[in-house]
Amino acid sequence: VYEIKADGTRTKDLSDPPIYKITTKSLAEGVQGACYDAAANEIIFIPETGELVFGTKAFDMAHKYSDINVQYTKSNFAESDIRPEHYFECTTNSLVVDTTTGEYKKEEIYYSNPQVQKIEYEVNFSQKLTVNTLAKDSFSTGLATQIDQIIRHVNDVFHMDDRIKEVDKLIATQTSEEEIANLKELRSLLETEQTLKKSVLQQSFSSALGVAKKTEETMNVALANHGSRYLRLEIIQSRLETQQIDFQEILDNNDTVDLEDAIINYKQAQVIYDASLACASTVVSKTLLDYIR
(Lines give C-alpha, C1' and ligand atoms only; values in the text may rest on other atoms or scores of the structure.)
Protein backbone atom coordinates (compact mmCIF):
# COMPACT_ATOMS: atom_id res chain seq x y z
CA VAL A 1 0.00 0.00 0.00
CA TYR A 2 1.42 3.38 -1.01
CA GLU A 3 0.58 7.02 -0.45
CA ILE A 4 -1.01 8.46 -3.61
CA LYS A 5 -0.12 12.02 -4.62
CA ALA A 6 -2.48 14.35 -6.50
CA ASP A 7 -0.73 13.55 -9.79
CA GLY A 8 -1.26 9.82 -9.23
CA THR A 9 2.34 8.95 -8.30
CA ARG A 10 3.11 6.66 -5.36
CA THR A 11 5.53 7.79 -2.70
CA LYS A 12 5.32 6.67 0.92
CA ASP A 13 4.77 3.01 1.78
CA LEU A 14 1.64 2.64 3.90
CA SER A 15 1.76 -1.06 4.69
CA ASP A 16 -0.28 -0.64 7.88
CA PRO A 17 -3.29 1.55 6.99
CA PRO A 18 -5.21 3.09 9.90
CA ILE A 19 -8.50 1.64 11.11
CA TYR A 20 -11.32 4.05 11.97
CA LYS A 21 -14.39 3.18 13.99
CA ILE A 22 -17.51 4.63 12.39
CA THR A 23 -19.99 6.31 14.73
CA THR A 24 -23.72 6.17 13.94
CA LYS A 25 -25.68 9.39 14.47
CA SER A 26 -29.29 10.00 13.53
CA LEU A 27 -30.70 13.19 12.02
CA ALA A 28 -33.06 13.37 15.00
CA GLU A 29 -30.25 13.41 17.56
CA GLY A 30 -29.39 16.71 19.24
CA VAL A 31 -29.53 20.03 17.43
CA GLN A 32 -30.55 19.98 13.78
CA GLY A 33 -27.48 19.28 11.65
CA ALA A 34 -25.34 18.15 14.59
CA CYS A 35 -24.80 14.76 12.95
CA TYR A 36 -22.81 16.49 10.17
CA ASP A 37 -20.32 17.96 12.64
CA ALA A 38 -17.56 15.32 12.76
CA ALA A 39 -14.42 15.61 14.86
CA ALA A 40 -11.03 15.63 13.11
CA ASN A 41 -10.43 11.87 13.43
CA GLU A 42 -14.10 10.85 13.34
CA ILE A 43 -16.26 9.24 10.67
CA ILE A 44 -20.05 9.49 11.13
CA PHE A 45 -22.66 7.29 9.47
CA ILE A 46 -26.17 8.79 9.07
CA PRO A 47 -28.65 5.87 8.70
CA GLU A 48 -31.52 7.98 7.33
CA THR A 49 -29.51 9.14 4.31
CA GLY A 50 -26.75 6.51 4.08
CA GLU A 51 -24.12 9.27 4.18
CA LEU A 52 -20.59 9.00 5.59
CA VAL A 53 -19.27 12.23 7.09
CA PHE A 54 -15.46 12.38 7.37
CA GLY A 55 -13.58 14.58 9.80
CA THR A 56 -10.74 16.70 8.39
CA LYS A 57 -7.88 14.36 9.38
CA ALA A 58 -9.85 11.23 8.45
CA PHE A 59 -10.66 12.81 5.08
CA ASP A 60 -7.00 13.68 4.43
CA MET A 61 -5.94 10.15 5.38
CA ALA A 62 -8.57 8.59 3.08
CA HIS A 63 -7.11 10.52 0.13
CA LYS A 64 -3.78 8.72 0.58
CA TYR A 65 -5.27 5.34 -0.33
CA SER A 66 -6.71 4.04 -3.57
CA ASP A 67 -9.20 1.72 -1.80
CA ILE A 68 -11.37 2.02 1.30
CA ASN A 69 -12.83 -1.14 2.86
CA VAL A 70 -15.84 -0.95 5.18
CA GLN A 71 -17.06 -3.69 7.53
CA TYR A 72 -20.38 -3.29 9.28
CA THR A 73 -23.08 -5.29 11.04
CA LYS A 74 -26.75 -4.77 10.18
CA SER A 75 -29.86 -6.18 11.82
CA ASN A 76 -33.60 -5.51 11.76
CA PHE A 77 -33.96 -5.68 7.99
CA ALA A 78 -37.03 -3.99 6.53
CA GLU A 79 -39.02 -5.59 3.71
CA SER A 80 -37.73 -3.07 1.15
CA ASP A 81 -34.05 -3.33 2.17
CA ILE A 82 -31.62 -4.86 -0.29
CA ARG A 83 -30.13 -8.25 0.51
CA PRO A 84 -26.40 -7.73 1.23
CA GLU A 85 -25.49 -11.18 -0.09
CA HIS A 86 -26.64 -10.03 -3.54
CA TYR A 87 -24.16 -7.15 -3.60
CA PHE A 88 -21.31 -7.80 -1.15
CA GLU A 89 -19.14 -10.49 0.36
CA CYS A 90 -20.74 -11.07 3.75
CA THR A 91 -21.65 -13.47 6.55
CA THR A 92 -25.16 -13.85 7.95
CA ASN A 93 -25.82 -14.70 11.58
CA SER A 94 -29.15 -16.34 12.32
CA LEU A 95 -30.76 -18.40 15.06
CA VAL A 96 -31.90 -21.89 14.08
CA VAL A 97 -33.47 -24.69 16.10
CA ASP A 98 -31.16 -27.60 16.90
CA THR A 99 -33.00 -30.75 15.78
CA THR A 100 -31.28 -32.77 18.51
CA THR A 101 -31.71 -30.56 21.58
CA GLY A 102 -34.60 -28.38 20.41
CA GLU A 103 -32.70 -25.27 21.51
CA TYR A 104 -31.76 -22.24 19.46
CA LYS A 105 -28.21 -22.05 18.20
CA LYS A 106 -26.26 -19.49 16.20
CA GLU A 107 -25.56 -20.38 12.60
CA GLU A 108 -23.25 -18.49 10.26
CA ILE A 109 -23.59 -18.62 6.47
CA TYR A 110 -20.79 -17.19 4.36
CA TYR A 111 -21.58 -15.59 0.99
CA SER A 112 -18.71 -15.15 -1.44
CA ASN A 113 -18.12 -12.12 -3.62
CA PRO A 114 -21.09 -11.72 -6.03
CA GLN A 115 -18.60 -11.71 -8.91
CA VAL A 116 -18.32 -15.50 -8.60
CA GLN A 117 -21.93 -16.31 -7.71
CA LYS A 118 -22.78 -17.78 -11.10
CA ILE A 119 -25.08 -20.70 -11.86
CA GLU A 120 -23.93 -22.65 -14.91
CA TYR A 121 -25.48 -25.63 -16.71
CA GLU A 122 -23.77 -27.89 -19.21
CA VAL A 123 -26.01 -27.58 -22.27
CA ASN A 124 -23.82 -29.45 -24.76
CA PHE A 125 -20.61 -31.42 -24.92
CA SER A 126 -18.02 -29.34 -23.00
CA GLN A 127 -20.25 -26.27 -23.34
CA LYS A 128 -21.68 -24.41 -20.33
CA LEU A 129 -24.20 -21.58 -20.14
CA THR A 130 -24.70 -19.12 -17.26
CA VAL A 131 -28.42 -19.05 -16.41
CA ASN A 132 -28.57 -16.38 -13.70
CA THR A 133 -28.03 -12.62 -13.64
CA LEU A 134 -26.57 -11.04 -10.52
CA ALA A 135 -28.73 -8.49 -8.71
CA LYS A 136 -25.89 -5.97 -8.58
CA ASP A 137 -25.74 -6.09 -12.40
CA SER A 138 -29.48 -5.40 -12.73
CA PHE A 139 -30.83 -3.33 -9.85
CA SER A 140 -28.93 -0.23 -8.80
CA THR A 141 -29.29 0.98 -5.21
CA GLY A 142 -28.58 4.59 -6.19
CA LEU A 143 -32.11 5.33 -7.37
CA ALA A 144 -33.66 4.50 -3.98
CA THR A 145 -31.13 6.81 -2.30
CA GLN A 146 -32.02 9.61 -4.71
CA ILE A 147 -35.74 9.16 -4.03
CA ASP A 148 -35.11 9.31 -0.27
CA GLN A 149 -33.15 12.55 -0.77
CA ILE A 150 -35.97 14.08 -2.82
CA ILE A 151 -38.52 13.19 -0.14
CA ARG A 152 -36.29 14.71 2.53
CA HIS A 153 -35.76 17.93 0.54
CA VAL A 154 -39.49 18.24 -0.23
CA ASN A 155 -40.23 17.92 3.49
CA ASP A 156 -37.61 20.61 4.16
CA VAL A 157 -39.39 23.00 1.75
CA PHE A 158 -42.77 22.27 3.35
CA HIS A 159 -41.24 22.85 6.78
CA MET A 160 -39.97 26.26 5.65
CA ASP A 161 -43.47 27.12 4.38
CA ASP A 162 -44.90 26.30 7.81
CA ARG A 163 -42.27 28.42 9.57
CA ILE A 164 -42.96 31.40 7.28
CA LYS A 165 -46.72 31.07 7.94
CA GLU A 166 -46.06 31.05 11.69
CA VAL A 167 -44.01 34.25 11.39
CA ASP A 168 -46.80 35.87 9.33
CA LYS A 169 -49.27 35.05 12.11
CA LEU A 170 -46.94 36.63 14.68
CA ILE A 171 -46.56 39.76 12.53
CA ALA A 172 -50.36 40.06 12.28
CA THR A 173 -50.78 39.92 16.06
CA GLN A 174 -47.92 42.25 17.02
CA THR A 175 -48.38 45.96 17.72
CA SER A 176 -44.79 46.91 18.55
CA GLU A 177 -42.96 48.38 15.58
CA GLU A 178 -39.66 46.96 16.83
CA GLU A 179 -41.07 43.43 17.14
CA ILE A 180 -42.67 43.72 13.71
CA ALA A 181 -39.35 44.81 12.21
CA ASN A 182 -37.54 41.90 13.85
CA LEU A 183 -40.16 39.44 12.63
CA LYS A 184 -39.96 40.83 9.10
CA GLU A 185 -36.20 40.42 9.16
CA LEU A 186 -36.67 36.85 10.36
CA ARG A 187 -39.16 36.28 7.56
CA SER A 188 -36.64 37.58 5.03
CA LEU A 189 -34.02 35.16 6.36
CA LEU A 190 -36.52 32.30 6.20
CA GLU A 191 -37.40 33.17 2.61
CA THR A 192 -33.70 33.13 1.70
CA GLU A 193 -33.32 29.73 3.34
CA GLN A 194 -36.46 28.55 1.56
CA THR A 195 -35.02 29.67 -1.80
CA LEU A 196 -31.83 27.73 -1.10
CA LYS A 197 -33.78 24.63 -0.13
CA LYS A 198 -35.85 24.87 -3.31
CA SER A 199 -32.62 25.12 -5.29
CA VAL A 200 -31.33 22.00 -3.56
CA LEU A 201 -34.62 20.27 -4.35
CA GLN A 202 -34.28 21.16 -8.05
CA GLN A 203 -30.73 19.81 -8.08
CA SER A 204 -31.98 16.61 -6.44
CA PHE A 205 -34.59 16.20 -9.18
CA SER A 206 -31.97 16.75 -11.89
CA SER A 207 -29.60 14.27 -10.27
CA ALA A 208 -32.41 11.73 -9.82
CA LEU A 209 -33.27 11.95 -13.53
CA GLY A 210 -29.68 11.09 -14.43
CA VAL A 211 -29.59 8.21 -11.95
CA ALA A 212 -32.96 6.94 -13.21
CA LYS A 213 -31.70 6.96 -16.82
CA LYS A 214 -28.53 5.12 -15.81
CA THR A 215 -30.60 2.59 -13.83
CA GLU A 216 -32.84 2.03 -16.86
CA GLU A 217 -29.78 1.50 -19.07
CA THR A 218 -28.37 -1.02 -16.59
CA MET A 219 -31.67 -2.91 -16.59
CA ASN A 220 -31.82 -2.86 -20.40
CA VAL A 221 -28.29 -4.28 -20.59
CA ALA A 222 -29.29 -7.07 -18.21
CA LEU A 223 -32.42 -7.82 -20.27
CA ALA A 224 -30.38 -7.82 -23.49
CA ASN A 225 -27.91 -10.19 -21.87
CA HIS A 226 -30.78 -12.49 -20.93
CA GLY A 227 -32.13 -12.32 -24.47
CA SER A 228 -28.77 -13.19 -26.06
CA ARG A 229 -28.30 -16.16 -23.74
CA TYR A 230 -31.83 -17.36 -24.47
CA LEU A 231 -31.12 -17.10 -28.21
CA ARG A 232 -27.91 -19.09 -27.78
CA LEU A 233 -29.84 -21.73 -25.87
CA GLU A 234 -32.44 -21.97 -28.65
CA ILE A 235 -29.67 -22.41 -31.26
CA ILE A 236 -28.06 -25.14 -29.16
CA GLN A 237 -31.45 -26.81 -28.68
CA SER A 238 -32.12 -26.75 -32.44
CA ARG A 239 -28.70 -28.21 -33.18
CA LEU A 240 -29.16 -30.98 -30.62
CA GLU A 241 -32.61 -31.83 -31.98
CA THR A 242 -31.14 -32.14 -35.50
CA GLN A 243 -28.33 -34.35 -34.22
CA GLN A 244 -30.84 -36.49 -32.34
CA ILE A 245 -32.82 -37.08 -35.56
CA ASP A 246 -29.63 -37.99 -37.46
CA PHE A 247 -28.43 -40.34 -34.75
CA GLN A 248 -31.87 -41.94 -34.48
CA GLU A 249 -31.89 -42.55 -38.25
CA ILE A 250 -28.44 -44.15 -38.08
CA LEU A 251 -29.55 -46.27 -35.14
CA ASP A 252 -32.68 -47.38 -37.00
CA ASN A 253 -30.64 -48.36 -40.05
CA ASN A 254 -28.30 -50.48 -37.91
CA ASP A 255 -30.56 -51.98 -35.28
CA THR A 256 -34.01 -52.23 -36.80
CA VAL A 257 -33.11 -54.53 -39.80
CA ASP A 258 -35.72 -57.18 -40.79
CA LEU A 259 -34.40 -60.60 -39.67
CA GLU A 260 -35.68 -62.50 -42.78
CA ASP A 261 -34.04 -60.02 -45.15
CA ALA A 262 -30.79 -60.20 -43.18
CA ILE A 263 -30.70 -64.03 -43.43
CA ILE A 264 -31.45 -63.99 -47.17
CA ASN A 265 -28.74 -61.39 -47.78
CA TYR A 266 -26.30 -63.41 -45.73
CA LYS A 267 -27.03 -66.63 -47.61
CA GLN A 268 -26.68 -64.83 -50.93
CA ALA A 269 -23.35 -63.43 -49.92
CA GLN A 270 -22.20 -66.86 -48.74
CA VAL A 271 -23.22 -68.51 -52.04
CA ILE A 272 -21.40 -65.83 -54.03
CA TYR A 273 -18.30 -66.24 -51.87
CA ASP A 274 -18.30 -70.05 -52.27
CA ALA A 275 -18.80 -69.73 -56.04
CA SER A 276 -15.90 -67.31 -56.25
CA LEU A 277 -13.63 -69.76 -54.46
CA ALA A 278 -14.70 -72.64 -56.76
CA CYS A 279 -14.12 -70.54 -59.87
CA ALA A 280 -10.70 -69.52 -58.71
CA SER A 281 -9.72 -73.14 -58.01
CA THR A 282 -10.59 -74.22 -61.57
CA VAL A 283 -8.70 -71.36 -63.19
CA VAL A 284 -5.55 -71.93 -61.16
CA SER A 285 -5.25 -75.73 -61.21
CA LYS A 286 -1.61 -75.95 -60.30
CA THR A 287 -0.65 -76.33 -56.67
CA LEU A 288 2.52 -75.67 -54.74
CA LEU A 289 3.63 -79.31 -55.22
CA ASP A 290 3.65 -78.85 -58.99
CA TYR A 291 6.15 -76.04 -58.69
CA ILE A 292 8.33 -78.02 -56.23
CA ARG A 293 8.66 -80.90 -58.70
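Helices (H or I, at least four residues) and strands (E, at least two) are DSSP runs, numbered from the N terminus. Two strands pair if DSSP finds at least two bridges between them.

The model is predicted: local features need pLDDT of at least 70, side-chain atom pairs count only at pLDDT 80 or more, and totals for chains, interfaces and linings use all residues. Residues are numbered from 1 along each chain as its sequence is written, and side-chain values use heavy atoms, with hydrogens and water left out.

**Exercise 1. A hairpin and its turn**

Task: Describe the hairpin of β8 and β9, and state what is notable about the phi of S126.

Solution.
Step 1. Find the strands. β8 covers residues 120–124 and β9 covers residues 127–130. They run antiparallel and are joined by four bridges.
Step 2. Take one pair from the ladder. N124 has Q127 in β9 as its bridge partner.
Step 3. Look at the turn. Two residues stand between the strands of this hairpin. S126 is placed in the loop between β8 and β9.
Step 4. Read the backbone angle. The phi of S126 is positive, near 55°, and S126 is not a glycine. Most residues other than glycine have a negative phi.
Step 5. Check the surface. Buried means under 20% relative accessible area, exposed means over 50%, and partly exposed lies in between (1.4 Å probe, protein chains only). S126 has a relative accessibility of 76%, so it counts as exposed.

**Exercise 2. A sheet of three strands**

Task: Give the strand order of the open sheet that contains β4, and name its edge strands.

Solution.
Step 1. Write the order. The sheet runs β3-β4-β5, and its pairing is mixed.
Step 2. Find the edges. β3 (22–24) and β5 (51–54) each pair on one side only, which makes them the edge strands.
Step 3. Give the angle. Neighbouring strands are turned by 30° against each other on average, direction ignored. For such angles, axes are lines fitted to C-alpha atoms, for helices over the stretch in contact, and angles run from 0 to 180 degrees between N-to-C directions.
Step 4. Examine one pairing. β4 (residues 43–46) is antiparallel to β5, with four bridges. Among the bridge partners, F45 is matched with L52 and I43 with F54.
Step 5. Examine the link. The hairpin of β4 and β5 has four residues between the strands, and G50 takes a positive phi near 75°.

**Exercise 3. A nonpolar patch**

Task: Which residues form the nonpolar patch on the surface, and how exposed is I22?

Solution.
Step 1. Apply the rule. Patches are made of residues with over 30% relative accessible area and no salt bridge; like charges are joined within 9 Å, and nonpolar side chains (Val, Leu, Ile, Met, Phe, Trp, Tyr) within 5 Å. Accessible areas come from the Shrake-Rupley method with a 1.4 Å probe, and for residues only the protein chains shown count as cover.
Step 2. List the members. They are I22, L52, F54, F59, I68, V70, Y72, I82 and F88, with about 810 Å² of accessible area together.
Step 3. Take one member. I22 lies in strand β3. With a relative accessible area of 32%, I22 is partly exposed.

**Exercise 4. A nonpolar core**

Task: Name the residues of the largest nonpolar core, and say which helix gives the most to it.

Solution.
Step 1. Apply the rule. A nonpolar core is a set of buried Ala, Val, Leu, Ile, Met, Phe, Trp, Tyr and Cys residues joined through side-chain atoms within 4.5 Å.
Step 2. List the members. The seven residues are M160, I164, V167, I171, I180, L183 and L190.
Step 3. Assign them to helices. α2 (142–173) and α3 (177–255) each supply at least two. α2 gives the most, with four residues.

**Exercise 5. Salt bridges**

Task: Which residues are linked with R187 in a network of salt bridges?

Solution.
Step 1. Apply the rule. A salt bridge is a side-chain nitrogen of Lys or Arg within 4 Å of a carboxyl oxygen of Asp or Glu. The count by this rule is four.
Step 2. Take the pair between helices. R187 and D168 meet at 2.4 Å, N to O. R187 is in α3 and D168 in α2, 19 residues apart.
Step 3. Take the pair within a helix. R187 and E191 meet at 1.9 Å, N to O. They are four residues apart in α3, so about one helical turn separates them.
Step 4. Join the pairs. The network links D168, R187 and E191.
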